Structures are given as C-alpha cells and as structure tokens.
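Trainee: Please take a close look at one part of this protein, the nonpolar surface patch. I would like to know what makes it and where it sits.

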Amino acid sequence: MAGTSLGARFYRQIKRHPGLIPMIGFIGLGMGSATLYLLRLAVRSPDVCWDRKNNPEPWNRLSPNDQYKFLAVSTDYKKLKKDRPDF
C-alpha cells in the first residue's frame, strides 16, 4: 500500500464503492461553480481595483445602465437614466 500512488488508491475505492461517483461529481460541480463565481466577482465587479495607477476609482467609470449585479430581479438597467454629475 505504501508504494501505490494516490490515483491508484482513489480508483480502487471507486471500484469498490460506485455510489461515491455521483457524490464526487456534485462536489466537483459545486467547487467549479464557486470558483467561476469568485473569478467573475474578481474580474467584473466595480468594487475590485486591480490597476490603482491607471484606474484608481473604477466605480466612477460605470454608466447608469451597466449591470454589475449577478442577478437583477426587478431592475431593467437599459432604461436607467444618468442622475449624477461627471467628475
């Protein structure tokens, strides 16, 4: 057992207990979805500033009809008007 690799041990466990396959699939799907959501938050959110030198306040560059929320239930961002001054 000490000489076997981790993949071989994992494969042997899956062969013995095939009921683990759906559980591993759902856990992998959940981890993948969480990773993609965090990546989307890091790239698309106006609260995250990756380049402070060229863009110190990224939230000021958003137009009123930019949708930055993941799910907008009752707001249609295409119909919003600008109600703030330009700086």
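**The nonpolar patch and its setting**

Mentor: The protein has two helices and zero strands. The model is a predicted one, and that applies to everything below. Of the 87 residues in the protein, 7% are buried. About 8,100 Å² is exposed by the protein, and 61% of that is supplied by carbon and sulfur atoms. Among contacts with a separation of 6 or more, 11% are between residues 24 or more positions apart.

Now the patch itself. Five names belong here: Phe-10, Met-23, Ile-24, Ile-27 and Met-31 make a nonpolar surface patch of about 490 Å². Helix α2, residues 20-44, gives the most to this patch, with four residues. Phe-10 is found in helix α1, which covers residues 6-16. With a relative accessible area of 48%, Phe-10 counts as partly exposed. Patch residues need over 30% relative accessible area, so Phe-10 at 48% meets that cut-off.

The helix that gives the most to the patch also overlaps a database annotation. In an unreviewed entry, UniProt lists residues 20-43 as "transmembrane region". Such annotations may be inferred rather than shown by experiment. In the model, the span of residues 20-43 is 100% helix and 0% strand. The C-alpha atoms at the ends of residues 20-43 lie 35 Å apart.

Key. Residues numbered from 1 in each chain as written. Predicted model: local features only at pLDDT ≥ 70, side-chain atom pairs only at ≥ 80, totals over all residues. Heavy atoms only, no water. Patch = residues over 30% accessible without salt bridge, like charges linked within 9 Å, V, L, I, M, F, W, Y side chains within 5 Å. Areas by Shrake-Rupley, 256 points an atom, 1.4 Å probe, with all protein chains shown as cover. Salt bridge = Lys/Arg side-chain N within 4 Å of Asp/Glu carboxyl O. Buried < 20%, exposed > 50% of the residue type's maximum accessible area, 1.4 Å probe, protein only. Contact = heavy atoms within 4.5 Å.
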